[in-house]
Amino acid sequence: MSAQRPEAERRMTPRRIKARKGGEPIVCLTAYTAPVAEILDEVCDLLLVGDSVGMVLHGLPNTVGVTMEMMILHGQAVMRASRRALVAVDMPFGAYEGAKETAYANAVRILKETGAQAVKVESGPAVAETIAYLTRRGVPVIGHVGLRPQAVLADGGFRAKGRHGNEYACVIAEAKAASDAGAFCVVVEGVAEGLAREITAAIDVPTIGIGASAGCDGQILVTDDMLGLFDWTPKFVRRYADLKGEIARAARAYADDVRSGAFPAAAETYFAVVKG
Ligand code: KIV
């Protein structure tokens, strides 16, 4: 067995993420492919292979149609290209809400086949028991409360959560239940600042906010949103690049060059080596 690498070179662990509660903000982004994961790995504490992959890369209208096979394929790609960030893979809709034993089998399959360090589940009222079942059996779990994209059919759309008294209390209860059940951090999506701060104060593990204000212990965004690949993004996204514009400009320049005969030029052409 080889000697242990120094901590700075080792991959981030659930334990180290959990220890960041109230400390240095936890930097997270989504990743679905090897080349992007390799770039993000340099700067992120956690890479999430989110089931948003279904909408972002596969053109699905929501995340309901995402399968275990899709999550495993993208999880494998991200793991191959990263070496220091913790990689967590979303459990897709239908993979964990039924029997706890089925959730465990699916979580183990994801961890074994991808090599990722954790799974994430959207933790509605019925899921805390499953989180406890998984964590007691050695599966590191991230919870996800507030706006739960997999509940889009039941909710009738993507809506910010916790704006009314009853819902407010429910979101806090769900976050506490996930944390008490052993989740090592909890994603909080689409809630107002007051609620995000209250959740962050109420639970022992870090909160990772998306559309949940600066009152969380860390932040996550869908990478393709913050890179400007979509015309529409939610209010909480800050665009750090205009990749859609860049790609359109590059494709236009390429098309012009092909049509005018400017591409390929001699420098981009193989020539036969003539033997004397
Ligand atoms: O699927 C996803 O990308 C997510 C993040 C938005 C947190 O769950």
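These are my notebook entries on a predicted model of one protein chain.

**Entry 1: the whole chain**

I began with the overall make-up. The chain holds 11 helices and 8 strands. I then looked up its extent. Along the principal axes, the C-alpha atoms fill a box of roughly 80 × 50 × 35 Å.

Next I asked how much of the chain is buried. Of the 276 residues, 48% are buried. I also looked up the exposed area, which is about 14,300 Å². Carbon and sulfur atoms supply 58% of that area.

I turned to contacts with a separation of 6 or more. Residues 24 or more positions apart account for 57% of them.

Charges came last in this entry. I noted 31 positive and 32 negative side chains. The centres of the two sets lie 3 Å apart.

**Entry 2: the cavity**

How many cavities of 30 Å³ or more are there? The count comes to 1. I looked up its space and found about 50 Å³.

Then I listed the lining. Cys-28, Leu-46, Leu-48, Lys-120, Ile-142, Cys-185, Val-187, Ile-208 and Ile-220 line the largest cavity. Two elements give two or more residues to this lining: β2 (46-49) and β6 (185-189).

**Entry 3: the pocket**

I moved on to the largest pocket. About 960 Å³ of space lies in it. Its lining has 40 residues. Which of them lie nearest the centre? I noted Leu-147, Glu-189, Ile-210, Pro-234 and Phe-236. The elements that give two or more residues to the pocket lining are α3 and β6. I had already met β6 in the lining of the largest cavity.

**Entry 4: Val-188**

I stayed with β6 and picked Val-188, which sits in this strand. Is Val-188 buried or exposed? It counts as buried, because its relative accessibility is 0%.

I looked up its contacts, leaving aside neighbours within four places in sequence. Val-188 is in contact with Val-145, Ile-199, Thr-207, Ile-208, Gly-209, Ile-210 and Ala-212. Among these, Ile-208 also lines the largest cavity. Ile-210 is one of the residues nearest the centre of the largest pocket.

I also checked Val-188 against His-144. The two are 44 residues apart along the chain, and their C-alpha atoms are separated by 5.9 Å.

**Entry 5: helix α6**

I then read along α6, residues 128-136. Which of its residues are buried? I listed Ala-128, Thr-130, Ile-131, Ala-132, Tyr-133 and Leu-134. What covers them includes α5 (100-114), β5 (141-146) and α8 (165-180).

Gly-138 follows α6. Its phi is positive, near 90°.

**Entry 6: Lys-18**

I went back towards the start of the chain. Lys-18 lies in helix α1, residues 14-18. Lys-18 is partly exposed, because its relative accessible area is 42%.

Neighbours within four places aside, Lys-18 is in contact with Phe-184, Val-205 and Pro-206. I also looked up its spacing to Ala-183. They are 165 residues apart in sequence, and 9.3 Å apart in space, C-alpha to C-alpha.

**Entry 7: Thr-63**

Where is Thr-63 found? I placed it in the loop between α3 (53-56) and α4 (68-81). Thr-63 has a relative accessible area of 2%, so it is buried.

I then asked which residues Thr-63 touches, not counting those up to four places away in sequence. They are Asp-51, Ser-52, Met-55, Pro-149 and Gln-150. Met-55 falls within α3 (53-56).

**Entry 8: two backbone details**

Ser-213 caught my eye for its phi. The value is near 70°, which is positive in a residue other than glycine. I placed Ser-213 in the loop between β7 (207-210) and β8 (218-221). Its relative accessible area is 24%, so Ser-213 is partly exposed.

My last check was on a proline. The peptide bond from Phe-263 to Pro-264 is cis, with omega near 0°. Pro-264 lies in the segment after α11 (243-260).

Notes
Residues are numbered from 1 along each chain as its sequence is written. Side-chain values use heavy atoms; hydrogens and water are left out. Helices (H or I, at least four residues) and strands (E, at least two) are DSSP runs, numbered from the N terminus. Buried means under 20% relative accessible area, exposed over 50%, partly exposed in between (1.4 Å probe, protein chains only). Contact means heavy atoms within 4.5 Å. Accessible areas come from the Shrake-Rupley method with a 1.4 Å probe; for residues, only the protein chains shown count as cover. Lys and Arg count as positive and Asp and Glu as negative; His and the chain ends are not counted. The place of a charge is taken as NZ of Lys, CZ of Arg, CG of Asp or CD of Glu. On a 1 Å grid over the protein atoms alone, a cavity is a set of points where a 1.4 Å probe fits but cannot get out, and a pocket is an open set with protein on both sides within 12 Å along at least five of seven lines; lining residues have an atom within 4 Å of a point. Grid points are joined across faces, edges and corners, and a volume is the space filled by probe spheres set on the points.
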